[in-house]
Amino acid sequence: MDFIDELLDNERLSSLEKDLAAVSLNDVHFTDSEKQQAMQKLSQRMADHDRHSRWRRTAVAAALAATLVAAGATLWNFGHRQAESRQQMGHVVPRNLDMVLTTTDGHALNLSEGGQLRCSELGYLTIKWPGQTLVCTPSPQPEQKVSNGQLCELRVPEGKRTQIELADGSRVWVNSATTISFPIKFEGNERHIRVDGEVYLEVAHKADCPFRVEANGFTVEVLGTKFGVTAYPALQPPQVVLAEGRVEVVRGDTARYQLQPGQLLTLGQQPQIEEVEAYTYTSWKDGLLYLNGTTLGEILNWLAKQYAVDINCAPGSSRLKVYGKLILEDRVEEVLNNLTVIEPIRYTIRNNQIFVDEK
């Protein structure tokens with residue numbers, strides 16, 4: 001209910017309208033108790049601001065009432081549009097791509113049904129699915145042979161995400177279209193993994209054993225911290241965003257960049273460090289996508305990769321800027337339905353492809 005304070009203290013209805021747009025985009029509605037709380041808070045604030053003229057209080061009350069009504073109407077339209085879209089368009093079928101784990105001795109496991117990986121300091125690899133667990137151990141069975149210190153390569157295709165717990169207790173969230181190489185068991189006085197794609201890491205602190213992430217032409221060096229790395233080959237410039245702790249990014253022989261929490265490093269032709277809200281860059285691991293002026297074209301390209309589908313955007317519409325927060329629903333159509341609520345866009349499905357343009 002912070003937006004009520006903003007409305008009463010500042011004559012900025014545009015900010016309130018943006019808040020309501022974000023609420024609608026998230027498919028969250030005002031409950032009766034929230035409405036009651038809002039009106040109680042409004043009454044109290046109006047009593048505290050008797051120095052304001054009567055027309056000011058009346059305008060505020062009318063604006064709040066209209067806002068609540070508008071939110072309800074928007075949400076009704078949102079549900080109506082969802083039902084209409086499902087009824088008329090059906091669903092697009094994602095590409096069925098395999099998530100594969102391979103080891104340096106040539107063994108491979110198909111993890112296309114998902115599963116979370118956990119490494120052990122004893123050299124075991126455990127893969128957990130709902131209701132099922134597979135333990136890969138050094139054993140005579142070829143299909144389960146994994147030796148201590150052995151490297152694994154996990155290829156996570158478009159449309160899938162997964163998690164890995166490394167042998168030291170560090171945790172890695174692996175995004176779509178990402179390849180990560182890691183040892184079953186860390187040996188020596190250094191921990192080292194390689195990433196092509198996007199990951200979020202929570203690194204276990206070990207003062208005498210630094211952790212290094214080798215990515216697309218650079219290395220991130222840490223002792224213990226939480227940070228995100230985006231390094232898709234041949235796409236956008238690589239980025240490193242720091243949530244907690246401290247990291248040093250090394251590129252080439254001499255370029256070094258130290259980051260503090262809440263800083264984003266973009267490794268373009270001219271590297272740039274800026275202050276950001278770190279979670280907005282790593283929230284994908286929690287099924288959320290924050291939008292702060294992101295263009296529609298960028299959003300659709302990202303969703304196409306996340307859901308392993310083909311999305312085409314009309315050139316004139318791709319530059320439309322979007323604000324708010326998206327929940328990454330199970331199906332891409334549900335995400336697009338949310339987008340249509342606050343942006344003047346529409347989409348159709350033809351030949352198992354999605355076409356998006358402005359209304």
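Biologist: What volume does the largest pocket have in this predicted model?
Modeller: About 1,100 Å³.

Biologist: Which residues sit closest to the centre of the largest pocket?
Modeller: Gln236, Tyr281, Thr294, Glu298 and Trp302, out of 36 lining residues.

Biologist: What makes a residue count as lining the pocket?
Modeller: It has an atom within 4 Å of a pocket point. The largest pocket has 36 such residues.

Biologist: Which elements give two or more residues to the lining of the largest pocket?
Modeller: Strands E10, E13, E14 and E19, plus helices H5 and H6. The largest share, 7 residues, comes from E19.

Biologist: How many residues of each class are in the lining of the largest pocket?
Modeller: There are 18 nonpolar, 12 polar and 6 charged residues. Tyr and Trp count as nonpolar, so Tyr281 and Trp302 fall in that class. Glu counts as charged, so Glu298 does too.

Biologist: What is the volume of the second largest pocket, and which residues lie nearest its centre?
Modeller: Its volume is about 310 Å³. Of its 18 lining residues, Gly159, Gln306, Tyr307, Glu329 and Asp330 lie nearest the centre. H6 and H7 each supply at least two lining residues. By class, the lining has 7 nonpolar, 3 polar and 8 charged residues.

Biologist: Why is helix H7 called mostly covered?
Modeller: Buried means under 20% relative accessible area. In H7, residues 332–342, 9 of the 11 residues are buried, so the helix is mostly covered. Among them are Val332, Glu333, Leu336 and Val341.

Technical notes: Residues numbered from 1 in each chain as written. Predicted model: local features only at pLDDT ≥ 70, side-chain atom pairs only at ≥ 80, totals over all residues. Heavy atoms only, no water. Buried < 20%, exposed > 50% of the residue type's maximum accessible area, 1.4 Å probe, protein only. Helix = DSSP H or I, 4+ residues; strand = E, 2+ residues; numbered from the N terminus. 1 Å grid on protein atoms, 1.4 Å probe; cavity = no way out; pocket = protein on both sides within 12 Å on 5 of 7 lines; lining within 4 Å. Points joined across faces, edges and corners; volume = space filled by probe spheres on them.
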